[in-house]
Structures are given as structure tokens and as C-alpha cells.
Amino acid sequence: MKFDKFSPVTGNDLAIVQGQSRYGVDCQDSAIDIYDLTTDEYWQDNSFPGNQLVFFDFQTGQKFEPMSRKENQFFFSVIYQSDYFYFLHAQLDQDQLTLFKYLPGQEPEIIHQMSLTGLHTLNLSLVNDQAHVWIASFNDDIDFYHPQKFSIVNEPDQSLLFIDDNKLYFEQDSDFYSDNEYEHIPDRIIIKDFDDHVLSNIQGNIILLSNGKWQKVDGNFAGELGPLTGQTRYWACISDYMKFEDFRDDYWQTRIYPGNYLIFYDEKTGKTFSPFPAKPNICYGETIFNNGFFYFTQVNIEANELKIFKYYPEQEAEIIFTCSLSAVNLHNLTLMPCDNGVQLVSDTDQGPNTENYSVKGYFPEKFTLTCTESQLPLFIKNHQMYFNDYEVHYNDNDDFVKYVYYTCSKNLNNKLISKERGLYTLAPNGKWWLS
């Protein structure tokens, strides 16, 4: 595990915008959205303090701000396309929405400006197109505002991926329950024209690769295929994601679980790999990447057994740990990175009035740590567990001002060791950055 920090550390919650792997991006105060700011009575009577859009370069450690913070200014919906970032900027007191084109280190370029009045601001966002960037809102209809104005029905089981050559590309999720039985139907790609006519309906998925290109992937993906943080080559999903704790429910006491399997997709070759085929009563947990290898859990319900595997595509999976299911708490049973590989942990179920909960470690370290509900476990380094944490700050009138983010650590004897401003993000290059 490698670590570095940006300077200065200001406490930004970074996300990797799909289509590239160099920059982490944060639109602060993301708990507020443009719909709230344009419809909520509170914000009609009060000024919004403004949020800030920042870009962090994982190669150089530099921080970039396209524009300085200003009252009633709101940044949102950042996408990456054709070597540039695009984002929306609302100046609320001027009733103005602006689409910007931006590359960190350069001046932002205005692409389009329009009035906020008359726009449906629910889920107002940008849509990729190799020729343009579209502005649209998503409610009962999809309303497009730029570069053309038109509307189509927003089907509840379809998600718009991108637009290309005047065609709309949707991903359709058709899973459903029939007579209390779950049935998985493979995802489909629906292609429509601007008049809402279906031009094509084919099985498969389309994903946006780290090089900015869209790629059709054939396969039976019930889970969402996504890139695994810490590396840039492989994507992964589970054919039919299932929480381990759900196997304790009465539903599965009289049924045989049909089994799921892991799928790895190689961006470089376009091939897919599975360490093992699907088998009845065998379920796989989510995969993580650390120190050059993938790690995942396998639960065998019939054998009452849990295993942890170490794996790299096109190689044999290696068992590194085995135990009885009765030896672990299945609630949020997961793997997290640690110095030499992975740590198996679970936590207690948090009720609505729970102020504290515990995280329990099983392998290779055994421990029990108490935490608050705002703390998110990240990794273990030097026999200390690190957590993301935050505080909510209000003014004298009890109005929301901002979130302040921290990282804290505890040793495995439950003693608080450190608390510092900033959040850790696992970059695509495998390094943890404190931002």
C-alpha cells in the first residue's frame, strides 16, 4: 500500500469521473442538489453560501479550481469526454445556467448559457455525445435542452448512457419478482431515435472505458460492471449480487440458491474471465484489488464454509483462508486492504437510534472496534484501522453551512490514535491520496 497527500489537505471527498484515470473531482456539498436550490422554500428566502469544484491530479499532486467560491454559485454534474471535463454551473441570483468545458491548468471555456427559469431541474445533468454535450433533466420524461430541445418518455427500467449519431443508447434492467421468486433477465441495449422510436434491441452492456471510449460487452451481467479501484485494466461484477446475511432469512431455508459467479473484464483485450463457474449454494462477495492481486470471498451455504481467495485473471485462484460460517457475523461481511493483503471484517446492524456500532476483524487480525455511524472503515495500516469521518457545521441560526471531513485511526485495541483533516481516496494508480 502506497500513500501520499495533496498540499494543502482541505478535506475533499474525491470521485473518479469515468472515462479517465488521472484526476479526482469533488463538487462540495453534494448532499444539496440543483432541484432543492430552485424549488425549496428555504432557498428562496436564504442565500446559498456557494460550493466549490476542485480537481486533484493523481500524477503530480496538484490541486486545481476552475473558479473561486462565490455566494449563490453551484457546481454540479461533471463528465469527461474527448480529453476534456464538462460541468454545469448555476448562478442562482442571476437565474443563469452555464455549461463549461475545462482542462485542469487552463481557463474554463463557456460552451452554452441559458436561463434556469423554465427548466425542469429534477436530475438536471449532462449526457455524453462524441459530437456534443447534452443538457437534460430526468423525471417522467427526459427533457433535452441543449444542443436541441425535445422530450421522450423516461422508461423506469431504462437508463440513458450516451448519445451518438442522433441515436439514444439506453441500458435496460429487466429483473423482477414473480410469485415472490426473483428472476434475472439479462440486460439489454435499447437504441432509439429522437422521436422515441426503438431502432434496435439487443442483449448486452455498454461501458465507458478509462480511455474515454464506449465498449459493448457481451455477457449475462446481473450486477453492475464497474472498474476496480487501485488499477486501470480490469472491471468486475457479480453475475447475481447477493448479500451473505440474506441467507439467514427464512426465505432461503427452504430453497436452493442457484449460485452466482465473478466476472472480470479486461479493457486491454476485451476478454472476460471467471475464476469459477456458478454452482448451487455457492455465493461470491465483492472483489477488491491490493498489492497487485484481486481478493474475494466465497460462501458455501451447504458446506457452511467461507473462503478467501487471492486471484489474478488467467491464473489459478489461491485459497488464503477458510472458516465456518458460524465463526463470523455475515452482516456487511467484506474485505478491506491491509499492509500485506486483505482483512476480513463485518459490522453490527445499525438501527435508526444506534449511536455506536462495532467493526469486528476475523483474519488475519482479530479485533473489535467501536465506531460512530459517520465513520466509514477504509484500510488497515501498521495495525491501525483508518476511517473516513465527517462533521456537519451550522451557523448561529442553525442553518447548514458545510460538511467538514476527517480521517481518524484506531489501534486494534480500540484506542483512538489520530484525527486529521482530509479524506483518503484510492487512486487508479494504486496509491492512497489524502485530499
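This is a short tour of a predicted model, taking in its cysteines and the strands around residue 234. Residues are numbered from 1 along each chain as its sequence is written. Because the model is predicted, local features need pLDDT of at least 70 and side-chain atom pairs count only at pLDDT 80 or more, while totals for chains, interfaces and linings use all residues; side-chain values use heavy atoms, with hydrogens and water left out.

Begin with the cysteines. A disulfide is a pair of cysteine sulfur atoms within 2.5 Å, and the count here is 0 disulfides. Select Cys283: the nearest cysteine sulfur, that of Cys237, is 13 Å away. Cys283 is buried, with a relative accessible area of 0% (buried means under 20% relative accessible area, exposed over 50%, partly exposed in between, using a 1.4 Å probe and protein chains only). Next select Cys338, whose nearest cysteine sulfur, that of Cys323, is 16 Å away. Cys338 is also buried, at 8% relative accessibility.

Now select residues 234–238, strand S23 (strands are DSSP runs of E, at least two residues, numbered from the N terminus). In S23, 5 of 5 residues are buried. Tyr234, Ala236 and Ile238 point one way, and Trp235 and Cys237 the other. In a regular strand the side chains alternate between the two faces of the sheet.

Add residues 226–227, strand S22, which pairs with S23 in the antiparallel sense over 2 bridges (pairing requires at least two DSSP bridges between two strands). Gly226 has Ala236 as its bridge partner. Between S22 and S23 lie the 6 residues of a hairpin, where Gly230 in the turn has a positive phi of about 100 degrees.

Finally, select residues 262–266, strand S24, which pairs with S23 in the antiparallel sense over 5 bridges. Here Cys237 has Ile263 as its bridge partner.

Definitions and conventions:
Helix = DSSP H or I, 4+ residues; strand = E, 2+ residues; numbered from the N terminus.
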